[in-house]
Amino acid sequence: MTTTSALLVLPVAAPLVVAGFLLLFPRARTLHRVCGFAVAAVVLAVAGVLLAATADGSVVAQNLGGWPAGVSVVLAADALSSLMLAVTAVLVLACLAFAAAAGEDTDRLFVPLVLVLTTGVYGAYLTADLFNLFVFVEVMLLPSYALLAAGGGPARLAAARLYVTTNLLASTVFLAGLGLLYGTAGTVNLGQLAGTGAGSSAVAAATGVVLLAMAVKAAVVPLHGWLPRTYPHAPPAVTALFSGLLTKVGVYAIFRVYAVVYAGDPRWLWLIMAAALLTMVVGVLGAVGEKGLRPILVFHMASQIGYILLGLAVFTVAGLAAAIFFMVQYVLVKAALLICAGAVEHTYGTGELSLLGGVARQPMLATAFALAALSLAGIPPLSGFVAKLALVSAAAGAGQYLAAAVAVVVSLFTLTSMLKVWNGVFWSDPPEPVEEPDRDRPEPEDTGRSTTRSRPRVRRALAAPALALSLLGVVLGVGAQPVLGVAGTAAAGLTDPSAYVAAVSP
Amino acid sequence: MTAAIAVGLLVLGGVYLILQRGLYRVVLGFVLLGHAVNVVLLAAGGLERRAPALLGQVDAGQAADPLPQAFVLTAIVIAFAITVLLLGLLHRGGDGDGAPSGDDDGIPARDGARDGDRDGVAVREDAS
């Protein structure tokens with residue numbers, strides 16, 4: 001048991017232990033904040049060590065409890081897991097900073113719940129046992145139910161009802177799939193399951209049920225309806241946190257299960273391709289009809305998941321590498337956008353495009369949003385452009401010209417949508433108040449222009465996490481080569497999972 | 001065979017209840033679905049071997065498969081926790097089927113308007 005494999009337990013154990021510790025000190029807000037940041041920083045360091053260890057394609061594995069493989073639960077990290085671990089830790093740091101600035105973490109349970117949520121996420125990325133994946137996904141979901149419902153209010157509780165019931169149904173289907181899988185294959189260890197989906201149609205059907213449950217969690221069309229009806233109603237920092245954690249675990253699980261259990265079986269790739277194209281188109285068209293900041297961004301979230309699945313459907317090293325790079329940069333960019341939306345909502349009290357305007361006067365926020373929005377739309381030299389170019393060229397290289405064309409067209413629609421948001425929120429003049437001037441509100445200075453009414457300034461602490469993430473996205477775009485290299489190694493590990501299978505099998 | 005019929009009946013009842021109006025019936029539907037999935041997990045281990053899963057005391061050919069038993073225990077605990085949480089939501093927010101109050105018709109609004117009495121502060125229902 002080398003030290004590197006011993007490190008695998010840390011991302012799972014540390015947040016849990018610290019969460020329990022923080023419950024002993026419910027009112028020490030500074031302690032909560034410091035512990036939250038410290039744990040995320042520790043996991044980021046561990047992810048860095050794991051990345052260094054797996055960048056050459058090797059796999060770090062650890063049998064929990066010292067039991068022999070085949071009996072024990074195996075934690076394993078390859079390049080893909082380490083990459084997701086790293087980007088998740090960065091996201092958690094930024095969202096905790098935003099929550100602290102926005103005052104959303106004042107509740108004694110916020111940081112402990114976020115820590116338990118991250119335990120589930122890190123565990124889901126590191127486990128090589130499908131039932132363990134189920135357990136970690138549940139560990140991830142239970143705090144999310146509480147975080148989403150926090151604060152009450154009829155619309156938020158209605159969203160919580162929908163969110164909990166949808167995820168509970170998906171978990172039940174997941175469990176049923178696991179039961180069927182165990183009954184047909186006799187094991188739930190990913191190493192022992194390798195290739196069985198391609199060989200036996202019974203195992204393929206059972207794993208299909210598992211993938212269906214994961215598709216619900218990843219919000220793949222036509223199972224995406226819960227996403228735009230629930231995420232916009234959460235507290236703003238919570239939406240930003242969820243955007244990079246929950247759906248990504250679903251996508252990661254689809255990648256891992258398809259690559260290992262089906263061994264990249266080309267018979268079902270058309271199904272994934274169809275789902276990917278549908279998701280891209282429906283997501284971006286759904287955003288056209290929305291009139292609020294966060295609903296638009298959440299619909300784009302669904303659309304970008306389609307891009308990632310497109311890379312999976314083109315099951316080549318180039319396609320998978322593009323999809324993994326897309327996932328990494330997308331976590332950062334989407335979180336930046338949602339933190340901007342949260343900053344706007346916190347400062348101006350609303351996310352409605354028609355009620356906002358002139359926010360471009362806040363330089364930090366406007367820069368953060370502009371960079372992230374342009375990256376989402378795929379403008380060079382930002383990270384989104386590199387990711388989309390890699391995807392389109394991989395698709396075209398594999399002969400999937402329709403997919404490449406759809407990707408480009410959806411990108412144009414995304415750009416239009418981002419311009420609409422920019423115009424509605426940042427560029428245009430703020431609307432005149434409808435009600436008559438109150439006696440108790442200060443009169444606007446009369447200089448003949450409506451835009452000189454005193455509007456609240458967005459505090460720098462609110463915009464700083466978004467700006468940091470956006471700049472990270474720029475760095476990722478301009479200096480994409482190292483990350484593309486790691487993504488390529490991860491993709492090679494998916495097309496040929498023999499190293500992974502050897503590490504986790506008995 | 002009986003396991004399959006049992007699962008079928010439970011899923012029948014569960015899906016029917018999930019499609020009903022009102023969160024209380026939906027919760028009961030999920031309880032039934034959870035039971036159905038537990039029976040599926042147990043059946044996956046092979047129902048013809050019924051002896052206790054203790055190798056020292058029982059012949060290996062007769063001992064039940066312990067892994068599905070562990071799965072079922074885990075699933076029961078998790079489903080129990082989520083059921084409690086759903087009932088808490090029901091108690092707190094109503095069942096989504098009551099008379100609309102103001103502009104809330106029980107389904108989330110589509111315009112992303114900010115809501116919540118105190119933004120970001122969790123509501124604690126009791127003092128514990």
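Guide: Helices and strands here are DSSP runs, at least four residues for a helix and at least two for a strand, numbered from the N terminus. The model is predicted. With that, start with chain B.

Visitor: How many helices and strands are there in chain B?

Guide: Chain B has three helices and zero strands. Along the sequence the pattern reads α-α-α.

Visitor: What percentage of the residues of chain B count as buried?

Guide: The figure is 34% of the 128 residues. The accessible surface of chain B is about 7,700 Å². Carbon and sulfur atoms hold 62% of that surface. Look at contacts too. Take those in chain B with a separation of 6 or more: 51% of them join residues 24 or more positions apart.

Visitor: Which way do residues point along a helix?

Guide: An α-helix has 3.6 residues a turn, so residues three or four places apart point the same way. Now a case. Helix α2 of chain B covers residues 23-44, which is 22 residues. From first C-alpha to last, α2(B) reaches 31 Å, close to the 32 Å expected at 1.5 Å a residue. Just after α2(B), Gly46(B) takes a positive phi of about 95 degrees.

Visitor: Is Asn38(B), in that helix, buried or exposed?

Guide: Asn38(B) sits in helix α2 of chain B. Asn38(B) counts as buried because its relative accessibility is 12%, and the cut-off for buried is under 20%.

Visitor: What is Asn38(B) in contact with, leaving aside its neighbours within four places in sequence?

Guide: Asn38(B) touches Val72(B), Ala75(B) and Ile76(B).

Visitor: On to strands. How do the side chains run in a regular strand?

Guide: They alternate between the two faces of the sheet. Strand β1 of chain A, residues 60-63, shows the alternation. Val60(A) and Gln62(A) point to one face and are buried. Ala61(A) and Asn63(A) point to the other face and are not buried.

Visitor: Which strand does β1(A) pair with, and in what sense?

Guide: β1(A) pairs with strand β2 of chain A, residues 74-77. The sense is antiparallel, over four bridges. To place the register, take Gln62(A): its bridge partner in β2(A) is Leu75(A).

Visitor: Which residues of β2(A) point one way, and which the other way?

Guide: Val74(A) and Ala76(A) point one way, Leu75(A) and Ala77(A) the other. All of them are buried.

Visitor: Now the charged pairs. How many salt bridges are there over all chains?

Guide: The count is four. The rule asks for a side-chain nitrogen of Lys or Arg within 4 Å of a carboxyl oxygen of Asp or Glu. Arg33(A) and Asp105(A) meet it, with their closest N and O atoms 2.9 Å apart. This pair links distant parts of the chain, 72 residues apart. Arg33(A) is in helix α3 of chain A, residues 29-54. Asp105(A) is in the loop between α4 (79-102) and α5 (110-126) of chain A. Arg33(A) is partly exposed, at 25% relative accessibility. Asp105(A) is buried, at 4%.

Visitor: What distance separates the closest N and O atoms of Arg267(A) and Asp265(A)?

Guide: It is 3.0 Å, and the two form a salt bridge. Arg267(A) is partly exposed, with 47% relative accessibility. Asp265(A) is buried, with a relative accessible area of 7%.

Visitor: Where do Arg294(A) and Glu345(A) lie?

Guide: Arg294(A) lies in helix α14 of chain A, residues 293-313, and Glu345(A) in helix α15, residues 317-348, so the pair ties together parts 51 residues apart in sequence. Their side chains meet in a salt bridge at 2.9 Å, N to O. Both residues are buried.

Visitor: Last, the surface. Which residues form a nonpolar patch there?

Guide: Val281(A), Leu285(A), Val288(A), Val409(A) and Phe413(A) do. Together they have about 390 Å² of accessible area. Helices α13 (269-288) and α18 (401-427) of chain A each supply at least two residues. The largest share, three residues, comes from α13(A).

Visitor: Why can Val409(A) be called partly exposed?

Guide: Val409(A) lies in helix α18 of chain A. Val409(A) is partly exposed because its relative accessible area is 41%, and the class runs between 20% and 50%.

Terms used. Residues are numbered from 1 along each chain as its sequence is written. Chains are lettered from A and ligands numbered from 1 in the order in which they are written. This is a predicted model: local features need pLDDT of at least 70, side-chain atom pairs count only at pLDDT 80 or more; totals for chains, interfaces and linings use all residues. Side-chain values use heavy atoms; hydrogens and water are left out. Buried means under 20% relative accessible area, exposed over 50%, partly exposed in between (1.4 Å probe, protein chains only). Two strands pair if DSSP finds at least two bridges between them. Contact means heavy atoms within 4.5 Å. Accessible areas come from the Shrake-Rupley method with a 1.4 Å probe; for residues, only the protein chains shown count as cover. Patches are made of residues with over 30% relative accessible area and no salt bridge: like charges are joined within 9 Å, nonpolar side chains (Val, Leu, Ile, Met, Phe, Trp, Tyr) within 5 Å. The expected span of a helix is 1.5 Å times one less than its number of residues.
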